[in-house]
Amino acid sequence: MGLQWELAKKYLHYYFTAGNRHDVHSPFVFDLVEKVLRDKKNPAVFQEIEQVRKSLLHSAETLQVTDLGAGSLMNAGRERKVSDITRHAAKPPKFGQLFYRLIQYFKPEYLLELGTSMGMSTSYMAKAASPATVHTIEGCPNIAARAGRNFDALQLKNIKQHVGNFDTVLPGLLKELPRLDYVYIDGNHRSAPTLDYFEQCLGKAHEGSLFIFDDIHWTPDMEAAWHTIQQHPRVTFTIDLFFIGLVFFRPDMKVKQHFILKY
Ligand SMILES: C[S@@+](CC[C@H](N)C(=O)[O-])C[C@H]1O[C@@H](n2cnc3c(N)ncnc32)[C@H](O)[C@@H]1O
């Protein structure tokens with residue numbers, strides 16, 4: 001409860017102080033705000049994915065879950081309802097839809113997600129990235145299997161699921177991929193592992209890569225990780241949208257900048 005109250009206070013601060021496109025003096029970021037963040041298009045694919053989310057939210061199914069990372073603040077025991085997992089773990093439509101637009105805008109070819117859960121964010125990413133493959137890692141086999149059914153329901157063929165702990169799966173997977181264009185890190189929300197995954201992925205990053213970190217303000221520990229990432233010498237600028245943080249490596253910023261934008 002204490003943590004959630006802290007988070008609510010931080011969010012209010014963000015809400016009243018975050019900038020908008022008029023505060024952005026970089027043409028690249030201005031364009032991104034105009035064409036991606038503020039885009040209001042609502043393609044049919046959004047409804048298809050939201051129908052799946054709706055059915056999960058109404059499902060009476062339960063799963064035996066293997067807990068690997070720092071779970072949700074609401075985390076319960078080992079047997080969990082699919083509806084609860086979906087409610088607490090899946091990124092809301094607004095962010096899935098932002099991922100879709102980011103991918104359509106940047107057209108990444110090598111995409112990686114850490115933390116599949118029910119596959120809601122993965123589905124948005126895969127629909128936008130097709131025919132490129134989205135690699136997604138999930139540590140709980142039962143959750144991964146359930147996500148697989150969601151991908152089938154959405155006729156998504158361009159998702160490669162990897163089941164296992166990020167710590168063991170990621171190094172091998174990175175060896176297989178020539179580079180990383182788009183990375184979404186949404187699992188094990190603790191500073192040390194987050195920084196470890198960041199460092200590992202950096203080995204395959206390039207100037208055009210985009211890394212997205214989830215829950216950057218969730219706890220003081222995650223905020224510390226976010227600040228360390230922002231200070232990394234290869235990071236040229238970041239965009240803080242409160243619930244997620246975008247990390248860029250493009251050389252076009254003369255001075256490192258950290259934007260906090262309302263979304
Ligand atoms: C917040 S959920 C992902 C939500 C999903 N990206 C979405 O928005 O729909 C995080 C997932 O990461 C998995 N996870 C956490 N720590 C992990 C680890 N160390 N290795 C593998 N999976 C892990 C959890 O089992 C959980 O399903």
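The protein chain holds 10 helices and 10 strands, where helices (H or I, at least four residues) and strands (E, at least two) are DSSP runs numbered from the N terminus. Its radius of gyration, taken over C-alpha atoms, is 18 Å, close to the 18 Å that the globule rule (2.2 Å times the number of residues to the power 0.38) gives for 263 residues, so the chain is as compact as a globular protein of that length. This is a predicted model, in which local features need pLDDT of at least 70 and side-chain atom pairs count only at pLDDT 80 or more, while totals for chains, interfaces and linings use all residues. Residues are numbered from 1 along each chain as its sequence is written.

An open sheet of eight strands runs in the order β5-β4-β3-β6-β7-β9-β8-β10 with mixed pairing, two strands being paired if DSSP finds at least two bridges between them. β5 (159-163) and β10 (257-260) stand at the edges with a single partner strand each, so one side of each is left without a neighbour in the sheet. From one strand to the next, the twist averages 15°.

Strand β3 (residues 111-114) pairs with β4 and with β6, as follows.

| Strand paired with β3 | Sense | Bridges | One bridge pair |
|---|---|---|---|
| β4 | parallel | four | L111 with V134 |
| β6 (residues 182-185) | parallel | four | L114 with I185 |

Both faces of β3 are covered, with L111 and E113 on one side and L112 and L114 on the other all buried; a residue is buried if 20 or more other C-beta atoms, placed from the backbone, lie within 10 Å of its own. From β3 the chain crosses through helix α6 (residues 120-129) to β4, and this β-α-β crossover is right-handed, that is, with the strands pointing away from the viewer, the path from the first strand over the helix to the second runs clockwise. Helix α7 (residues 141-153) lies across β4 (134-138) and β5, running at about 170° to β5, an angle taken between N-to-C directions on a scale from 0 to 180 degrees, with axes fitted to C-alpha atoms.

L112 stands opposite V183 in β6. Residues up to four places away in sequence aside, V183 touches L112, C201, F211 and I212, contact requiring C-beta atoms within 7 Å. The largest nonpolar core (buried Ala, Val, Leu, Ile, Met, Phe, Trp, Tyr and Cys residues joined through C-beta atoms within 7 Å) has 61 residues, of which F99, I103, M125, V183, I212 and F213 touch the most other members.

How values were computed:
A residue is buried if 20 or more other C-beta atoms lie within 10 Å of its own, exposed if 12 or fewer, and partly exposed in between; C-beta atoms are placed from the backbone. Two residues are in contact if their C-beta atoms, placed from the backbone, lie within 7 Å.
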